[in-house]
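Let's sit down together and learn to read a structure, one feature at a time. Bring your questions, and we will look at each case in turn.

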Amino acid sequence: MTMPERRTRVLRPGRRFDLRSTAMFFGLLATALVTGGLAVRALAGAVQQRPEWAVVLLCLVLAVAVARGRRRRRLSAARIARQAGRALARGTSTALDALDSPPPAPLTIPAQAGPPDEVTSPLPVAQGIDHEALTPDEFEAATAELCARDGCTQVQVVGGAGDLGADVTALTPDGRRLVVQCKRYGEDNKVGSQDLQRFGGTCFTVHEADVAVVVTTGEFTVPALEYAEQCGIVCVDGDGLLAWSQGRAPAPWAGVVREEPA
């Protein structure tokens, strides 16, 4: 009886299993994961303060990936882990430096030269401008420029998270502290009494305003106007804002009588 001949499979030469290299690889991988977690945590805080860092780091990662692809060189697993750990360490250091850097200073609008009564022409930004088309930040800046145009000094745009209702602060031409809240609302969204109550609770006690003003692109409700009159808050609606910006109406603080100390 003839037995069929079995063919022997020829094993191709290759790398043998190395326990030491495998252990080193997993150790470096664990180090990279821990470093990556710390980096992600630090980067999350940095992105909240400076979103531009996210774009910079993304561009850096893409550039490194493209450069590695062009080289077309095989790297060992241990070398890849070491390089990933160095890159994550550099990213963590950069993110921590960004967290330690001070926040940007408030935007300061310089006052225009010349006495206030000589300033009669509206600012270029106010000529025929549609305030409802502006973003909230642009609306605050435009309001600050109107204050500077009419003779205010130390004009600053301070609106943002934690502003406690103050979007623009300044000193009026006669030296009173001015605090302005800007409400860029549409026709269907009126400034209500709750908005005025929140502003009234901080404008005088926290911001120490001598003159408190609420400027909106829309309208105020009747209860809001009644509350503002009781608290001494000046309300400027969309029509009043347009007249102010075009020079057809006096500045909001002009009608507030300065209280002389007893």
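**Reading the features, one by one**

A: Let us start with a charged pair: Asp195 forms a salt bridge with Arg198, and their closest N and O atoms are 2.6 Å apart. Keep in mind as we go that this is a predicted model.

Q: What is the general idea behind such a pair, and how many salt bridges does a search of the whole structure find?

A: Side chains of opposite charge can pair when their charged atoms come close. Searching the whole structure turns up four salt bridges.

Q: How far apart in helix 5 are Asp195 and Arg198?

A: An α-helix has 3.6 residues a turn, so residues three or four places apart point the same way. Here, Asp195 and Arg198 are separated by about one helical turn, because they sit three residues apart in helix 5.

Q: Is Asp195 buried or exposed, and is Arg198 buried or exposed?

A: The cut-offs help here: under 20% relative accessible area is buried, and over 50% is exposed. Asp195 has 12% relative accessibility, so it counts as buried. Arg198 is exposed, because its relative accessible area is 52%.

Q: Which other salt bridges can I look at?

A: Try Asp150 and Arg149, whose side chains meet in a salt bridge at 2.9 Å, N to O. Both of these residues are buried. Then look at Arg176 and Asp174, where the N to O distance of the salt bridge is 3.1 Å. In that pair Arg176 counts as buried, at 6% relative accessibility, whereas Asp174, at 37%, counts as partly exposed.

Q: Back to helix 5: which of its residues are buried, and what do they pack against?

A: Helix 5 covers residues 193-203, and its buried residues are Asp195, Leu196, Phe199, Gly200, Thr202 and Cys203. These buried residues pack against strand 4 (177-183), strand 5 (211-216), helix 6 (222-231) and strand 6 (233-236).

Q: Ser193 lies in helix 5 too. Which residues is Ser193 in contact with, leaving aside its neighbours within four places in sequence?

A: Contacts of this kind show which parts of a chain meet. Ser193 touches Thr221, Pro223 and Ala224 once neighbours within four places in sequence are set aside. The C-alpha atoms of Ser193 and Pro223 are separated by 5.5 Å, although the two residues are 30 residues apart along the chain. Ser193 itself counts as partly exposed, with 22% relative accessibility.

Q: How do I read a pair of aromatic rings?

A: A pair of aromatic rings is described by the distance of the centres and the angle of the planes. This structure holds one aromatic pair. Trp244 and Trp253 form that pair, which is edge-to-face, with 6.2 Å centre to centre and 90° between the planes. Trp244 is buried at 2% relative accessible area, and Trp253 counts as buried at 6%.

Q: Where is Ser245 found, and is Ser245 buried or exposed?

A: You will find Ser245 in helix 7, residues 238-245. Ser245 is buried, as its relative accessible area is 0%. A polar atom of the Ser245 side chain lies 2.9 Å from the backbone oxygen of Leu242.

Q: Finally, which residues form a nonpolar patch on the surface?

A: Nonpolar side chains can also be found on the outside, as in this case. Phe26, Leu29 and Leu33 form a nonpolar surface patch, and together they have about 310 Å² of accessible area. To locate the patch, go to helix 1 (residues 19-49), where Phe26 lies.

Notes
Residues numbered from 1 in each chain as written. Predicted model: local features only at pLDDT ≥ 70, side-chain atom pairs only at ≥ 80, totals over all residues. Heavy atoms only, no water. Buried < 20%, exposed > 50% of the residue type's maximum accessible area, 1.4 Å probe, protein only. Helix = DSSP H or I, 4+ residues; strand = E, 2+ residues; numbered from the N terminus. Contact = heavy atoms within 4.5 Å. Phe/Tyr/Trp six-rings, centres within 6.5 Å; stacked < 30°, edge-to-face > 60°. Polar contact = N/O pair within 3.5 Å; in protein donor to acceptor, adjacent residues only side chain to side chain. Patch = residues over 30% accessible without salt bridge, like charges linked within 9 Å, V, L, I, M, F, W, Y side chains within 5 Å. Areas by Shrake-Rupley, 256 points an atom, 1.4 Å probe, with all protein chains shown as cover.
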